[in-house]
Amino acid sequence: MNKFLLEGIFRRPLTEAAPTPEDSALEELARAVAGAGRRRLGRSLSIREVDAGSCNGCELEINALSNAYYDLERFGLRFVASPRHADVLLVTGPVTTNMAEALKRVYDATPDPKWVVAAGDCALDGGCFAGSYAVVGGVSQVVPVDLHIPGCPPTPTDLLKGLLALLDQPAGRPAA
Amino acid sequence: MSQLEAFLAAGRRVQHHRPWPRAVVDPAAWVKGVEGLADGRWTLVNLWAQADRVHMALYEAAAAKAGVVSLDCIDGGFPSVGRGHPPAIRLERAIQDLFGLCADGLHDTRPWLDHGLWGQRRPLAGGGDPAPAQDYGFLPCEGEGLHQVAVGPVHAGIIEPGHFRFTANGETVVRLEERLGYLHKGIDRLMAGAGLERGAQLAGRTSGDSTVAYAWAFAQAAEAALGVQVPERALWLRAVMAELERLANHLGDIGAVCNDAAFAIIHAHTAVLRERVLRAADACFGHRLMRDRIVPGGVSCDLDAAGETRLRNLIGGLRVAMPGIIHLFDDTPSLKDRTVSTGRLTPKLAARFGAGGFVGRASGRDFDTRRDIAYAPYDGLAFEVPVVRSGDVNARVWIRIQEVEQGLSLLEQCLAHLRPGPLRAEVTPVGAPTEGLGMVEGFRGDVFAWLALDAEGRVDRCHLRDPSWFQWPLLEAVIEDNIIADFPLCNKSFNCSYSGHDL
Ligand code: SF4
């Protein structure tokens, strides 16, 4: 164990430089995220992940955000266990009829101000499960969505770009 | 002739079903089949339905033979398998939900996947008015000082949804009851009428962590049904992808179990290794999870020289990194204190449920599809199937560690076998209805796919069975008499799929 720790001290960190947020995502956010909530939160966001029907692929990549290469927490972004501690809901999957109620309740349990980020192609419009008797559709069918990150699944870099966009609101916008 | 072959020979053989034999039997013979399951002669591989018939896939371990028996339902029912053989109970409840076929004699008739929210009943049998919404009746549990803890469907971590109802006495769990189905997306019905391409896409999105295994099982079933010969190179590339998927998942799991025992350092290291595997997959095949890369007829991408070098470096890097991690896992008493003797699954129960993957192999069930119902190219590869009998969390991690080592050797062998050649054979309809079956060893256990195609080669019925169907019930059993705080540890050591199960 000591050897392990010692090696860790002298090794160069694996963590990579931050990607720049997508321009399109920034624009989308500029519209969605008003200044008031941002001032209050500063550069720190607590994220609650909700799987509302995903195949689990999206979760795998969201989990990867915590590994040493992406190290999400260095940006002040962190995953929390309860919606009551969350500023952002990160929702995946086509919303199944069996999860719609749970998703709504998670949203209601999240204090204002709050944002919803829908991750993955399924979360946009149900993806390849659209039209099923057991699927309600995209996340926006159930709760209001502020930002969508496409991909099947979105890579950790895609996810990071989208989430950073939440932090880096374009300069010069008047606070609401 | 094995007992199973003799049993099937007594029925009416279906000619257009491949590669396992399928025989139609009468209700009396069906019941005999159930008896064979109950007395341990055979293992239940799957139980599924079509509009007016049911099928069960059986495996005779002693003779390494597998086959399918079918029964035409009379008056919308069939003699229950679950009544004599509990592993079938949830499968029968699902059949009742989706097809409205009644398992006669089944005690537990509560709905399973149907939460009363679909707006219809029996979605695979033409639908019907929805059942009036009802509260789900959890099994009663009575005694002094008992209390209940309800967890989910939304959990604290970044994991899939499902509900767990614990009845505890103080800290000790007296009973756990699972309620699943939250992720039901209606894949079976989306499959009906789909072309093979869309079918393969859906199969690859049934359980995201096993996208390669599912796509392969689906492709196998389609190729068996249509008599397609897959080119050599495609087979080797499939195995490369399957082993990469296994490595990535096992590495993730090893760390995640340790993390749930509050030993984060192993998690940090294996997460880095997992990321390296995924990046190599991305560089070689253009997708981190290798989704949609296996297609009926072959593969949709090639591996170039740079990719081969990348994989060789990956193998070398993992070989250097693993011993330190294994040593740390094995040599940390505080970690062993949490994993040894926790969540013990007895070999008897593992055998009865036909538990696949590391869950079975950690409890003495010496089965691996790659070896026992071997499919190409594994029939030409050398590997060992690690098996231990202690059945605790520690054993389930240990099996994974050894499978990582085996996986590295398999990858190396596959690379050595690669020769230039075509990647995909043509897949053409044969002008008549056909049926095919595929079974692939995913990281979690055997993934089963059954396909009935119409004359134009479209999917008439597709059924995918995740290994979790036979592992989830065992999780309920192993947590008994453990403390609630050890549940995350037990659960992670099983790592059952919710989405793959819920379909
Ligand atoms: S977007 Fe892709 S990975 Fe994400 S839930 Fe849908 S199918 Fe799975």
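Here is a short walk through this predicted model, from the overall build of chain B to the ligand beside it and chain A.

Let us begin with chain B as a whole. Chain B contains 17 helices and 16 strands. Its C-alpha trace spans about 65 × 60 × 45 Å along the principal axes. How does that extent fit the chain's length? A compact globule of 503 residues would have a radius of gyration near 23 Å, and chain B has 22 Å, so the value agrees with that expectation.

Next, look at what is inside and what is outside. Of the 503 residues in chain B, 62% are buried. The contacts tell us how the chain is folded back on itself: taking those between residues at least 6 apart in sequence, 68% join residues at least 24 apart. On the outside, chain B exposes about 17,600 Å², and 50% of this area comes from carbon and sulfur atoms. As for charge, chain B has 52 positive and 61 negative charges, and the mean positions of these two sets are 2 Å apart.

Now turn to the ligand. Where does the ligand sit? You will find it between chains A and B. The residues around the ligand from chain A include the cysteines C55(A), C58(A), C122(A) and C152(A), along with S54(A), D121(A) and P153(A). The glycines G57(A), G120(A) and G151(A) are there too. From chain B come R205(B) and R291(B).

Two helices of chain A are worth finding in the view: α4 (57-64) and α6 (121-125) each supply at least two residues of the shell around the ligand.

Technical notes: Residues numbered from 1 in each chain as written. Chains lettered and ligands numbered in written order. Predicted model: local features only at pLDDT ≥ 70, side-chain atom pairs only at ≥ 80, totals over all residues. Heavy atoms only, no water. Helix = DSSP H or I, 4+ residues; strand = E, 2+ residues; numbered from the N terminus. Rg over C-alpha atoms; globule rule 2.2 N^0.38 Å. Buried < 20%, exposed > 50% of the residue type's maximum accessible area, 1.4 Å probe, protein only. Contact = heavy atoms within 4.5 Å. Areas by Shrake-Rupley, 256 points an atom, 1.4 Å probe, with all protein chains shown as cover. Lys, Arg positive; Asp, Glu negative; His and termini not counted. Charge placed at Lys NZ, Arg CZ, Asp CG, Glu CD. Near = heavy atom within 4 Å.
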